[in-house]
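Biologist: Could you walk me through how two parts of a protein chain meet? I am new to this, so please explain the terms as we go.

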Amino acid sequence: MWDLNKPRKAILRTGVIRDFDTHAIGVKTGLVIIYIVCALIAFVSLFPILWVFFAGFKSLQEFVSSPTLLPQALDLSQYTNTWSQLKIYNNYLNSVYHVAGSVVCALVFNGLLAYGLAILKPKGYKIVSSLVMFSLLMPATISIVPLFINIQNLHMGRFFTPLWLASGASAFYVVLFRQFFESFPGSIIEASRIDGCTSLQTFRRIVLPLSKPICVVVAIYAVNGAWSDFLLPYLVLDGTVWETVMVRLYSFSSQQTVNADDLMRAVVFAMIPPILLFFLFQKKLTENVVVSGIKG
Amino acid sequence: MERTVTYRQSRRGGGKLTQHLSSWLIMLPSILLFAFFLWGPLAQGIVMSFFTTRNVSLDKFVGIGNYASIFKSQEFWQAFGNTVMYTVWSLVIGFLVPIAMALVIGETTRGKGFFRTASYVPNVLPGLAAIILYTAFFSAEETGVFNIILKWFGVERQSYLTEMGLVIPLIVIISTWKGAGATALIYMAGLSGINPELYEAATIDGAGIWKRVRHITMPAIFNLGSTLMILQIITVFQILYEPMVLTKGGPDNASLSLMYLMWRYAFGGRIEFGKAAAAGVIISLILLLFTLLYTRVNRRKNDWEG
Amino acid sequence: MKTRLLALAAALSILLAACASPSATTGNVPGSDPANDPSPSPATPPVEAPSELLEVDSEVIDADLTCTITAGNYPADTAPEAEIAVFDGYIDILKKQYPNVTVIPDYYHYTLDTYISRAVGGSAPTIFQPPFTDPPILIDQGLVADVHDALEQFELVDKFSESFIDMLSDDNGRLYGLPRDGYVMGLHLNLNLFEEAGLMNEDGTPMYPKTLQELAETGKIIKEKTGKAGLVFPASDSFGGWMFTCLAWNFGAVGENAMQYQDENGKWIINLTSDACVQALAYVKSLKWEYDILNADTTTSTWASCHTTLGTGEAAMNFAANDAVSNPTAGAGLAVDKFAMVPYPAGPAGAYALTGGTAYMFAPDTTTDQAVAALALLKINGLLPFVTESTEAGMRAAQAALRDRGGPVLPPVPAWDDEEFVAKQREISEEYSNVDMRLYNDYFNSLADGSITLKGEEPMLTQDFYREITRAVQAVIVREDRDPLAALQSAQDNFQAYIDDQLGQ
């Protein structure tokens, strides 16, 4: 039996092992082991990332011939040389265009569709709804060849347009929005309708202002998704002046047009923005994985 | 995880038809996008799979010719077998690791936030960058990161991606490294959803830690896990980037996946769009099976259509 | 198409044998066009050039020619500033000669997959540079333009060797492109490792292997003395098969033992189970399991990474061609006096070396006017068989830049049958020479004196063929118990089925 009157600890144990267990020696050792394992998990997760940051300071000769984890010197010029020599800033800028347009499309088109499916629910909406759910599990990559041909036939290639619009057709974002909209109390929408608002006005005046949290979440996903995407961007943008960071990184690695050390630094450049984004919006991202992950 | 829909739309009023119409109009642009980017290509792929192509137009109707030549080729069966192996390995490694992570991290108090964050970071990295990063780890030269570490322990240098039996599990390890933290978070959320009173009540009944794990935690995980497992199978079945970037399907086709084979038909120097489309249809059908399974499993838990 | 491919193979050997003296140009290999590597590409760069370029050939040639072209042969944005400046110099001259032509720089690293996307999307650059393996499929798929008329205007058609006409024309004999340059496979050496292993003659030349057997032994000495790989071998993707092909020829997989041939009914037969092929694969296997001289990452090494491995001193030898000499040097930092290129080692059944090259081709919607403008630009660039002030300046600029970047300036392997032009190329390369020619003479002499037989790629579905063979090569490299005959048998069966299917035979 546990003592309810026992003074509470600052942090309550929430797992299988409860506070009352921790007195047993066996359990205490167990906890120590658990902490060691956790530290190991954190180490394994972070080590490759830290390593590549340090490896980026190596010169080509050092990179291919010295069997050490850390560089001999923290020579920042290695990074600056790669940055300017490979003109990665152009690709950064292109990626920014790609990301910005994708975020807008992701919010507008998926938001509106979810609004229709969750709130307006016009006759026959279930068909669309099932199709969207189906697409959630049947991703676009499978039909990349016909899609590619369509894009070419419409002469939409060689610019961001198809990439922007593609993020407006994401079943995942629709589901995120939809879950959120479905939690609205019906009375709010009803009230606005009684006030004589059209569906679009209701969306603008009522739904949108309330949806800031979900918009932020979708935007974060869209930023990360657009930044990391490379298959369609590669087919659409490769060889144009609009190559994004990922397209460039892929040509570096597949066509081997750069040396191994430069490739590793390019990897670092490709990783920096998502990592920064993550630390800025850490809470939002991890919280939402939980919500969305289960359904999507 | 049940979510009740709290809102029921009012459907009274005379402008019912206009309302339906305007609602559809609002959704129309998005539906067009879905049609263009997802549904249309899927349907076109089926048509295209019965044709040969020249340039980007359909050329000759060949009936099931593309399918026949795919099924006849040894490459396809290798890719199929490999893809199954990817899936099996990902169930062995990729499925269990996040559960274990969720269990241990869930038991910590101090530093929990750090452990959660740290294990989640790989997930935000661009997949391509993470894969390229691992080329340096798995290099068989003595400058390969794993070989450097092995050397500290006096172990001779090893080869990794060049070993036929190792290449698939290693690729699965990479994707597990990247994705496990995020999956673990889902499990942790699921676990934290367990009513603490359950544990307490169990304790009163004299259940020790292991018993509590077996009778309370495990069932909760299993519930979540069945859904996540099918989702994982669906994802792993489409594995493409890893063999494409790391091994080009080698050695001796040991890492060739179905998706990569499809990519090769289209863009690997043959320009066989028809055959690629046929491969796409084959993969889709397999995925469809899994999807049906998913909806079955999932129907019990959520009812999407409200 | 079949005849065209065969003709190409034959043609190349004839052409190169005839010219018999090599070039310093970028060329390529299956699946990769090093022409656009930041490192090589001696075809464009300069330093003292721009000023010279401004003064030449600036009178108007055709003021009426009005069009816009996109130049896919423009240097990469990662190229040295000087190289870009020279190309801009070429464009300036073109503008003086053809005031109404506009040139849009559109650097393009050709790969088949991205080219399809550009061609069908209507945005392929007016001029681009595919490897010799691709013109047939591009012509066949309607992805390139007929530029026969423009070539006639420049009176170039007569200067084509027969072989190039076959490769670059359709069934009606209309031409779709022109050759840029060729390459002949040899052996690249890192002399630092040869020195360390005590394999240098007193006069400073390396004791290099003359036969494949010697190569294995030399590699072993290097491995023992230096700990570095004797030979770097790219066995990934289609490279392994490409490398194997040349080895197999030297073991006798030619003539009646050819890997691909047509039987009396015209049916294409794949023959990988001849003694020659089996011996060749057994040889590769022995390099790994008996001599142990290969680099560790063999099955993930590509053509380009091999140059880095050699250049950084992680391997002493590399099967590579004259078009890539600047990759290990200028690209990976090997000093130019520590680099050598020697003939491809002979095998038990003779001495064969693979030859290939790069073409110029044109976007499918290219008009004759545009093609004329693009050819005019090539002419200024010094890449067409004309000797004028501006072409000479172009050649000088290219060689000067190569020398400045630390790449070896070598005699040319000309792509055109034009003595005056070739003589000029040779004269300029000598003027800018930065190498001890004794480190290259054996290679160039072997081409000239016919002691080595030049041979074009295997004709049918070449890239796929190489990819299929690569599997067999990988199999014996990663598995000591894999029987070469069994691996080749499997590759042969697969590819025979595939080619039957493709050709409907």
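**Where two domains meet**

Modeller: Between domain 1 of chain B and domain 2 of chain B, the rule finds zero salt bridges (a side-chain nitrogen of Lys or Arg within 4 Å of a carboxyl oxygen of Asp or Glu). This is a predicted model, where local features need pLDDT of at least 70, side-chain atom pairs count only at pLDDT 80 or more, and totals for chains, interfaces and linings use all residues. Residues are numbered from 1 along each chain as its sequence is written, chains are lettered from A and ligands numbered from 1 in the order in which they are written, and side-chain values use heavy atoms, with hydrogens and water left out.

Biologist: What makes these stretches of chain B domains?

Modeller: Their bounds come from an automatic or database domain assignment, which gives domain 1 as 16-61 and domain 2 as 68-299 in chain B.

Biologist: How many residues of the two domains of chain B are in contact?

Modeller: Contact means heavy atoms within 4.5 Å; by that rule, nine residues of domain 1 of chain B touch seven of domain 2 of chain B.

Biologist: What area do the two domains of chain B bury between them?

Modeller: Buried area is the accessible area (1.4 Å probe) that two parts lose on being put together, summed over both. Here that is about 520 Å², with 71% on carbon and sulfur atoms. Met48(B), Ser49(B) and Thr53(B) supply 55% of the area that domain 1 of chain B buries against domain 2 of chain B, more than any other three residues.
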